[in-house]
Amino acid sequence: MRKSVFGACVTVSMIAGLAVGCMTASADELINVGFAQVGHESDWRTASTKSCQDVFSEENGYNLSFVDCDNDEAAQKEAVRSFIEQEVDYIIIDPIIATGWDTVLTECEDAGIPVIVIDRTIDDSDKYVSWVGSNFKTEGLAAGEWLKAYAEKKGIEEINALVISGSTGASAQIGRSDGFREVAEANGWNILDEQTGDFTEAGGQEVMESYCKSYEGKFNVVVCQNDNEAFGAMTAMDNAGVSYGPNGDVILISFDACTAGLEDVKAEKITADFECNPLAAPFVEEVIQQLEAGEEPEKEVYMVEHWYGLEDAVVDFEIDGEAQEMTVVTDEVIEAQY
Ligand code: GZL
């Protein structure tokens, strides 16, 4: 079983392989990567998984051990321990929630297996080489600052918002909630309620059905922390006769900006969609290649993201003094999305 390149001895077959040009690496020479993925809860997750499977393929020189942890924290820790037993060369983790990681990361460290964190963050241990992902609080701040500018443009003086949050304790949920709430508090908005939809369509629908009963006629903004929750919330609002979108009674805000989410922006259902880029795998591979070359990767690598809406949603707004730009959703933008 291949271990760290640092201890690797260069064998005759490897030299022969190099001498006759690029040969498919033998099983011994593949870089063994274990990936403990959150689950399969959303379009975003599907794109994230595909990105990793495309990058860490055999033809690219990798042997990927992939575990879909189905949003189960215990199963995710178990998957990481199984990778240690398999003596993989690298472990990639997308942590379902941000805490409870130091023990198992210490086990990885003791086994001499570098860990790379992708997407969500680990907030109670730094025993990993790099994290590649998004600034979730910035996403939340962007949604809040955009809403402030949009409400001013529309002459909306009172904001009564309902939030359907992501999986409780996930750094994406924490950051988006904190960012949006910071702007709400600074502007005297009312956040009438915040309940988790667990980043799923069913969760979004269930929470929105309850909201339509409990807050009938009292809300003018719904914030869904991912597109799949927004899809469910739309079903619930349709069933309750609540209008939403640029021409409706309720401003619907979403996160992720997956292809289907942008289609709902173009269909004037979602008013603004704040992207979270799932295609981090190429940057994770860069970290692994740096480690293979004995280099020291950056501890944090941030993804580039955009904010989406239609012309009507284009307003000037800033985050911490930095001007932000809304990308107008067109068929071409949708075609190019993940
Ligand atoms: C965010 C990611 C979140 C997405 C959801 O980086 O972890 O999890 O926003 C996904 O769609 O379920």
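Biologist: What makes the D256 pair with the ligand a polar contact?
Modeller: A polar side-chain atom of D256 lies 2.5 Å from an oxygen atom of the ligand. A polar contact is a pair of N or O atoms within 3.5 Å, so this pair counts. This is a predicted model, in which local features need pLDDT of at least 70, side-chain atom pairs count only at pLDDT 80 or more, and totals for chains, interfaces and linings use all residues. Residues are numbered from 1 along each chain as its sequence is written, and side-chain values use heavy atoms, leaving out hydrogens and water.

Biologist: Which ligand atom do the side chains of R120 and S42 approach?
Modeller: For R120, a side-chain N or O atom is 2.7 Å from an oxygen atom of the ligand. For S42, the distance from such an atom to a ligand oxygen is 3.0 Å. The protein covers 100% of the 320 Å² of accessible area (Shrake-Rupley method, 1.4 Å probe) that the ligand has on its own.

Biologist: Nice! Where does the ligand sit?
Modeller: In the largest cavity, meaning that more than half of the ligand's atoms lie within 2 Å of the cavity's grid points. A cavity is a set of points on a 1 Å grid over the protein atoms alone where a 1.4 Å probe fits but cannot get out.

Biologist: How many residues surround the ligand?
Modeller: There are 13 (a heavy atom within 4 Å), and E41, D119, R120, R176 and D256 are the closest.

Definitions and conventions:
A polar contact is a pair of N or O atoms within 3.5 Å; within protein, one must be able to donate a hydrogen and the other to accept it, and residues adjacent in sequence count only if both atoms are side-chain atoms. On a 1 Å grid over the protein atoms alone, a cavity is a set of points where a 1.4 Å probe fits but cannot get out, and a pocket is an open set with protein on both sides within 12 Å along at least five of seven lines; lining residues have an atom within 4 Å of a point.
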